[in-house]
Amino acid sequence: MIRGLDREYYYRFPTSAGIRTKFDHLEVDNCELAGWSHAAIYLVSGREHLIHHNYIHHNQRNALGYGMTFDAASGLVEANLFNANRHSIAGSGSPGCSYEARNNVEYGVSMYHCFDMHG
């Protein structure tokens, strides 16, 4: 829990994203993505993204820390290994936001629930 002056200083640190796109058809295959404070993969917008066969782990920050996040984007998340993320997959719930997640392995260490969709 962050309190008082600690909160003021904590949120001065910039956030980071490993891969960020707003275009269609991003494919991320066979990568290890770790240590990003906002998201290892940040899908701002775009359609038909394919995220598969990756090891996505240790992406954490208070109130942030996603393996991947879908804002106004859609795509397929398949055959990935996840561990120690705040949420391994998160969706904003904005119009156009959707994802299908199948055949993924969640090692079970998480700061919160593993898959998330707002709205």
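This is a dialogue about how to read a predicted model of one protein.

Colleague: Before we turn to single residues, which secondary-structure elements does the protein have, and in what pattern do they follow along the sequence?

Modeller: The model, which is predicted, has one helix and 11 strands, and read along the sequence the pattern is α-β-β-β-β-β-β-β-β-β-β-β. Of the 119 residues in the protein, 40% are buried, and among the contacts between residues at least 6 apart in sequence, 58% join residues at least 24 apart. The protein exposes about 6600 Å², of which carbon and sulfur atoms supply 52%.

Colleague: How should I read strand pairing here, and which strands does β4 pair with?

Modeller: Strands of a sheet pair through backbone hydrogen bonds, either parallel or antiparallel. In this model, strand β1 (residues 17-21) is joined to β4 by four bridges, and the two run parallel; within that pairing, T21 stands opposite L43. Strand β2 (residues 27-29) also pairs with β4 in the parallel sense, over three bridges, and here E27 has L50 of β4 as its bridge partner. Strand β6 (residues 66-78) is joined to β4 by 10 bridges, again in parallel, and L50 has L76 of β6 as its bridge partner.

Colleague: How enclosed is β4 by the rest of the structure?

Modeller: Strand β4 spans residues 39-52, and 10 of its 14 residues are buried, so the strand is largely enclosed by the rest of the structure.

Colleague: H52 lies in that strand; is its side chain buried or exposed, and what does H52 contact?

Modeller: H52 has a relative accessible area of 11% and therefore counts as buried, the cut-off being under 20%. Its side chain makes a polar contact of 3.4 Å with the side chain of D29. Leaving aside neighbours within four places in sequence, H52 is in contact with E27, V28, D29, N30, E78, A79 and N80.

Colleague: What about the other histidine you flagged, H38; where is H38 found, and is it buried or exposed?

Modeller: H38 is found in the loop between β3 and β4, and with a relative accessible area of 16% H38 is buried. Setting aside neighbours within four places in sequence, the contacts of H38 are T15, S16, A17, L64, G65, Y66 and T69.

Colleague: Which residues have the most contacts inside the largest nonpolar core?

Modeller: In soluble globular proteins, nonpolar side chains tend to be buried together. The largest nonpolar core in this model has 16 residues, and those with the most contacts inside it are I41, I56, M68, F70 and I89. Strands β4 and β6 each supply at least two residues of this core. A second, separate core has five residues, including A39, V44, Y66 and A90.

Colleague: Taking I56 from that list, which residues does I56 touch?

Modeller: Not counting residues up to four places away in sequence, I56 touches L33, A40, I41, G67, M68, N80, L81, F82, N83 and N85.

Colleague: N85 is a polar residue on that list; where is N85 placed, and is N85 buried or exposed?

Modeller: N85 is placed in the loop between β7 (81-83) and β8 (87-91), and at 0% relative accessibility N85 counts as buried. The side chain of N85 reaches the backbone oxygen of I56 at 3.3 Å. N85 and G67 are 18 residues apart in sequence, and their C-alpha atoms are 6.0 Å apart in space.

Colleague: What is the strand order of the open sheet, and which strands stand at the edges?

Modeller: The open sheet has four strands in the order β3-β5-β7-β10, with parallel pairing. The edge strands are β3 (32-34) and β10 (105-106), each with a single partner strand, so one side of each is left without a neighbour in the sheet. Strand β3 is joined by three bridges to β5 (residues 55-57), and these two run parallel; in β5, the bridge partner of E32 is Y55.

Colleague: Finally, how many disulfides does the model contain?

Modeller: A disulfide is a covalent bond between the sulfur atoms of two cysteines. In this model the count comes to zero disulfides. As for the accessibility of individual cysteines, C31 counts as partly exposed at 32%, whereas C97 is buried, with a relative accessible area of 13%.

Definitions and conventions
Residues are numbered from 1 along each chain as its sequence is written. This is a predicted model: local features need pLDDT of at least 70, side-chain atom pairs count only at pLDDT 80 or more; totals for chains, interfaces and linings use all residues. Side-chain values use heavy atoms; hydrogens and water are left out. Buried means under 20% relative accessible area, exposed over 50%, partly exposed in between (1.4 Å probe, protein chains only). Two strands pair if DSSP finds at least two bridges between them. A nonpolar core is a set of buried Ala, Val, Leu, Ile, Met, Phe, Trp, Tyr and Cys residues joined through side-chain atoms within 4.5 Å. Contact means heavy atoms within 4.5 Å. Accessible areas come from the Shrake-Rupley method with a 1.4 Å probe; for residues, only the protein chains shown count as cover. A polar contact is a pair of N or O atoms within 3.5 Å; within protein, one must be able to donate a hydrogen and the other to accept it, and residues adjacent in sequence count only if both atoms are side-chain atoms. A disulfide is a pair of cysteine sulfur atoms within 2.5 Å.
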